Amino acid sequence: MIFEKIRELRENSELTQRDIAKILNVSKSTYNRWETGEAFIPLHHLNKLCIYYNVNMDYIIGISSCKNENYYSLQLDKVIIGTRLSIFRKKEKLSQSSLAKILNTSHSTISAYEHGKTLLLTVFAYQIATQFNISLDWLCGRNEKKNR
């Protein structure tokens, strides 16, 4: 799980929760909730942690044992993420409504993601990556390798 890896990375770097919270520009209590699994870390903060620790998202979420890869981009772009979500969904022959049902959300939410209006929630990105064997780094536009 995400929280186990971010704790492990922090401890291996001999940093405190307060140190990482400052790096991410969040409160220590907010960071603590991410590290204890009480809340999902937002995708843009997860990306920032990956950059800081020089690891890929697939490693942090526990779907790859490979820590580093060559990155296509380190910036998250809602339009790229939305486009890749649409590519994935169509390849899996899923309608927006059926994907919404799988993720327990609405059709309009999936549409907003795919049109780049809203940044995909980490919990949904995690579910897609783990359930459909899709690289989270690919989904987020960080590299070109679709399958992990």
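# Buried salt bridges, cysteines and helix contacts

Colleague: The side chains of Arg-142 and Asp-137 meet in a salt bridge, so what is the N to O distance?

Modeller: This is a predicted model, in which local features need pLDDT of at least 70, side-chain atom pairs count only at pLDDT 80 or more, and totals for chains, interfaces and linings use all residues. Residues are numbered from 1 along each chain as its sequence is written, and side-chain values use heavy atoms, with hydrogens and water left out. Arg-142 and Asp-137 are both buried (under 20% relative accessible area, where exposed is over 50% and partly exposed is in between, for a 1.4 Å probe and protein chains only). Their side chains form a salt bridge (a side-chain nitrogen of Lys or Arg within 4 Å of a carboxyl oxygen of Asp or Glu), and the N to O distance is 2.7 Å.

Colleague: How many salt bridges does a search of the whole structure find?

Modeller: Besides the pairing of Arg-142 with Asp-137, the search picks up Arg-10 with Glu-35 and Glu-114 with Arg-89. Over the whole structure, the number of salt bridges found is four.

Colleague: How many residues apart are Arg-10 and Glu-35, a pair that links distant parts of the chain?

Modeller: The side chains of Arg-10 and Glu-35 meet at 2.7 Å, N to O. Arg-10 belongs to helix H1 (residues 2–12) and Glu-35 to helix H3, helices being DSSP runs of H or I with at least four residues, numbered from the N terminus. Arg-10 has a relative accessible area of 9% and is therefore buried, and Glu-35 also counts as buried, because its relative accessibility is 2%. The salt bridge thus joins two buried side chains from parts of the chain whose separation is 25 residues.

Colleague: Which residue is linked with Arg-10 and Glu-35 in a network of salt bridges?

Modeller: Glu-35 has a further role in the helix contacts, being one of the H3 residues, along with Lys-28, Tyr-31, Asn-32 and Trp-34, that meet Gln-17, Arg-18, Ile-20, Ala-21 and Leu-24 in H2 (contact meaning heavy atoms within 4.5 Å). Arg-10 and Glu-35 pair directly through their side chains, and the network that contains both of them is completed by Glu-11.

Colleague: With which residue does Glu-114 form a salt bridge?

Modeller: Glu-114 has its place in helix H8 (residues 107–114), and it is buried because its relative accessible area is 11%. Leaving aside neighbours within four places in sequence, Glu-114 contacts Gly-82, Thr-83, Leu-85, Ser-86, Arg-89 and Gln-96. The partner in the salt bridge lies 25 residues away, in helix H6 (residues 78–91), and is likewise buried. With its closest N and O atoms 2.5 Å from those of Glu-114, that partner is Arg-89.

Colleague: Which residues does Arg-84 touch, not counting those up to four places away in sequence?

Modeller: Arg-84 also lies in helix H6, and its relative accessible area of 9% is why it counts as buried. Setting aside residues up to four places away in sequence, the residues that Arg-84 touches are Trp-138, Leu-139, Gly-141, Asn-143 and Glu-144.

Colleague: How far apart in space, C-alpha to C-alpha, are Ile-128 and Leu-85?

Modeller: Ile-128 is found in helix H9 (residues 122–132), and it is buried because its relative accessible area is 0%. Beyond its neighbours within four places in sequence, Ile-128 is in contact with Leu-85, Phe-88, Leu-103, Asn-133, Ile-134 and Leu-139. Ile-128 and Leu-85 are 43 residues apart in sequence, whereas in space their C-alpha atoms are separated by 9.2 Å.

Colleague: Cys-50 is in no disulfide, so how far away is the nearest cysteine sulfur?

Modeller: A search of the whole structure finds zero disulfides (pairs of cysteine sulfur atoms within 2.5 Å). For Cys-50 the nearest cysteine sulfur is that of Cys-140, and for Cys-140 it is that of Cys-50. Cys-50 is buried because its relative accessible area is 1%, and Cys-140 is buried because its own value is likewise 1%. From Cys-50, the sulfur of Cys-140 lies at 8.9 Å.

Colleague: Which residue, whose phi is positive, follows H4?

Modeller: Helix H4 (residues 43–53) has Leu-43, His-45, Leu-46, Asn-47, Leu-49, Cys-50 and Tyr-53 as its buried residues. After H4 comes a residue with a positive phi, near 55°, and that residue is Asn-54.
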